[in-house]
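Please work through the exercises below with the sequence and the coordinates open beside you, and try each task before reading its solution.

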Amino acid sequence: MIAKKIWLPLFIALTVIACSDDPAEKATDIEKHQFQKEFADDCVARELKNSVNTNSDKPRIEKSCTCIAKYMMKDLTGVEAEKVLDDDTDTQSLRIRFDNAAYNCLQEDMVKKPKIMGRP
């Protein structure tokens with residue numbers, strides 16, 4: 001009976017500790033902006049490699065890559081920023097964040113606005 005009374009508070013305490021924000025994992029503004037710049041530059045370079053007409057594609061690609069990088073850095077942790085900036089590795093959470101950012105940033109280009117009486 002006593003063991004049952006101990007488990008619930010212990011479980012709650014461990015859950016709160018495990019879910020609390022560790023300030024050491026928060027990315028600094030400098031790390032976030034460095035991540036954004038490097039990620040956007042890498043994205044542009046990668047996309048321009050596949051481009052047939054780099055001069056006309058570059059502004060569109062820069063806009064999309066910058067949007068994706070900004071979206072990704074919103075909740076970026078220091079650990080993730082460090083992995084990308086220092087190790088050039090990506091994590092599962094970064095891949096998920098990238099997919100979400102790409103969807104949100106690129107959908108506005110894909111959705112056609114309705115025309116009313118021949119006007120956009």
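The exercises that follow concern a predicted model, and each task is followed by a solution in steps.

**Exercise 1. Overall make-up**

Task: State how many helices and strands the protein has, and what share of its residues counts as buried.

Solution: Begin with the secondary structure, where the assignment gives 5 helices and 0 strands, so that, read from the N terminus on, the order of elements is α-α-α-α-α. Turn next to burial: the protein has 120 residues, and 25% of them count as buried. The surface that the protein exposes comes to about 9,600 Å², of which carbon and sulfur atoms supply 59%. Finally, consider the contacts between residues at least 6 apart in sequence, among which 69% join residues at least 24 apart.

**Exercise 2. The largest pocket**

Task: Describe the largest pocket by its volume, by the residues nearest its centre and by the helix that gives the most to its lining.

Solution: A general remark comes first: rolling a probe the size of a water molecule over the atoms shows where empty space is left. For the largest pocket the volume is about 280 Å³. Its lining consists of 13 residues, and those nearest the centre are Phe 39, Arg 46, Val 84, Thr 89 and Asp 90. To trace the lining back to the elements, note that helix H2 (29-49) and helix H5 (92-110) each supply at least two residues, with H2 giving the most, 5 residues. Sorted by character, the lining residues of this pocket divide into 6 nonpolar, 1 polar and 6 charged.

**Exercise 3. The second largest pocket and Ile 61**

Task: Give the same kind of description for the second largest pocket, then establish whether Ile 61 is buried or exposed.

Solution: The second largest pocket has a volume of about 200 Å³ and is lined by 14 residues, with Glu 47, Arg 60, Ile 61, Ser 64 and Leu 106 nearest its centre. Helices H2, H3 (54-73) and H5 each supply at least two residues of the lining, and the largest share, 6 residues, comes from H3. By character this lining divides into 6 nonpolar, 3 polar and 5 charged residues.

Now take Ile 61, which is placed in helix H3. Its relative accessible area is 7%, and therefore Ile 61 is buried, given that the cut-off for burial is under 20%. Once neighbours within four places in sequence are left aside, the contacts of Ile 61 are with Val 44, Glu 47 and Leu 48. As a further check on the geometry, the C-alpha atoms of Ile 61 and Ala 45 are separated by 9.3 Å, although these residues are 16 apart along the chain.

**Exercise 4. Asp 57 and the buried side of H4**

Task: Classify Asp 57 as buried or exposed, and work out where around the axis of H4 its buried residues lie.

Solution: Asp 57 also lies in helix H3. Because its relative accessible area is 19%, Asp 57 is classed as buried, the cut-off being under 20%. Not counting residues up to four places away in sequence, Asp 57 touches Ser 51 and Val 52.

For helix H4 (residues 78-87), list the buried residues, which are Gly 78, Glu 80, Ala 81, Val 84 and Leu 85. These residues cover an arc of only 165° around the axis, which means that they are on the same side of H4. The general background is that an α-helix has 3.6 residues a turn, so residues three or four places apart point the same way.

How values were computed. Residues are numbered from 1 along each chain as its sequence is written. This is a predicted model: local features need pLDDT of at least 70, side-chain atom pairs count only at pLDDT 80 or more; totals for chains, interfaces and linings use all residues. Side-chain values use heavy atoms; hydrogens and water are left out. On a 1 Å grid over the protein atoms alone, a cavity is a set of points where a 1.4 Å probe fits but cannot get out, and a pocket is an open set with protein on both sides within 12 Å along at least five of seven lines; lining residues have an atom within 4 Å of a point. Grid points are joined across faces, edges and corners, and a volume is the space filled by probe spheres set on the points. Helices (H or I, at least four residues) and strands (E, at least two) are DSSP runs, numbered from the N terminus. Ala, Val, Leu, Ile, Met, Phe, Trp, Tyr, Cys and Pro count as nonpolar, Asp, Glu, Lys and Arg as charged, and the others, Gly among them, as polar. Buried means under 20% relative accessible area, exposed over 50%, partly exposed in between (1.4 Å probe, protein chains only). Contact means heavy atoms within 4.5 Å. Accessible areas come from the Shrake-Rupley method with a 1.4 Å probe; for residues, only the protein chains shown count as cover. The arc is that of the directions from the helix axis to the C-beta atoms.
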